[in-house]
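Colleague: Could you please take a close look at a single helix and describe how it sits among its neighbours?

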Amino acid sequence: MTGVLANSVEEFAANLSAVSARIEAAARSVGRQPEEVRLLPVSKTVPVDRLRMAVAAGMTQLAENKAQELALKASQMAELGVRWCAIGHLQTNKVREVARYATEFHALDSTRLADALQRRLEAEGRVLEVFVQVNTSGEETKSGLAPGELAHHLDHFATLPNLRVRGLMTLAANSPDEAVVRGNFALLRSLRDAAVAAGHQRVRELSMGMSGDLEWAIAEGATTVRVGQALFGARTAVA
């Protein structure tokens, strides 16, 4: 679902209110409290002048899928105190930007990347909260660990002191079939439950669901939904 192309604080506030209402309704419909679900605005391709309006409307945490864009926006908006999240597939040669500017990373998908982040975070004197990406749809076009690989990787990630794994993340299949999409989300929840049972007590959260399927994600236990177009309107650039 796409919101109004917001170009004022008032329009951003209206979009934010509409998405918050969707989250509240979805949570209550399955007996959950709305406060259990965090809204993470995805600001990729949105220019800084509009993002300043979004922050004024109440969006104090923003997510970017390209490391260089995240670094540029974080530098240009440093005085606003925004918490920046990196959500896209990350190459090891781009870890510096994420280690320096991001507070969260929602796409950790390899030990090589984890080790590179650890080295850079040590140099920066920072800690990064991470969500491990799992490919629950099995689609080759999507990044993420295969479900069967997760346990081994979590054991390794737990040895890296500057990475703090908060949960798991997935992108559901690009399908209109509710059963298919919810099945992808349910699989992530079951993997989280297994990880906790195996001793990874901090791996509690589930980052899943976007503008078009957040209700299904919340029904399956999402604790963070990543929403772009419902908040910012249709994107004017490809990213």
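Modeller: The following account concerns one helix and its surroundings. This is a predicted model, in which local features need pLDDT of at least 70, side-chain atom pairs count only at pLDDT 80 or more, and totals for chains, interfaces and linings use all residues. Residues are numbered from 1 along each chain as its sequence is written, and side-chain values use heavy atoms, leaving out hydrogens and water.

Helix α5 covers residues 111–124; helices here are DSSP runs of H or I with at least four residues, strands are runs of E with at least two, and both are numbered from the N terminus. The end C-alpha atoms of α5 are 20 Å apart, which agrees with the 20 Å that its 14 residues should span at 1.5 Å a residue; the expected span is 1.5 Å times one less than the number of residues.

At the N-terminal end, Ser-110 caps α5, with a side-chain oxygen 3.0 Å from the backbone nitrogen of Leu-113. Leu-113 is also one of the buried residues of α5, together with Ala-114, Ala-116, Leu-117, Gln-118 and Leu-121; buried means under 20% relative accessible area, with a 1.4 Å probe and protein chains only. These buried residues pack against two helices, α4 (95–101) and α6 (150–157), and against the strands β4 (102–108), β5 (128–133) and β6 (163–169), where contact means heavy atoms within 4.5 Å. Just after α5, Gly-125 takes a positive phi of about 70°.

Note on methods:
Buried < 20%, exposed > 50% of the residue type's maximum accessible area, 1.4 Å probe, protein only. Polar contact = N/O pair within 3.5 Å; in protein donor to acceptor, adjacent residues only side chain to side chain.
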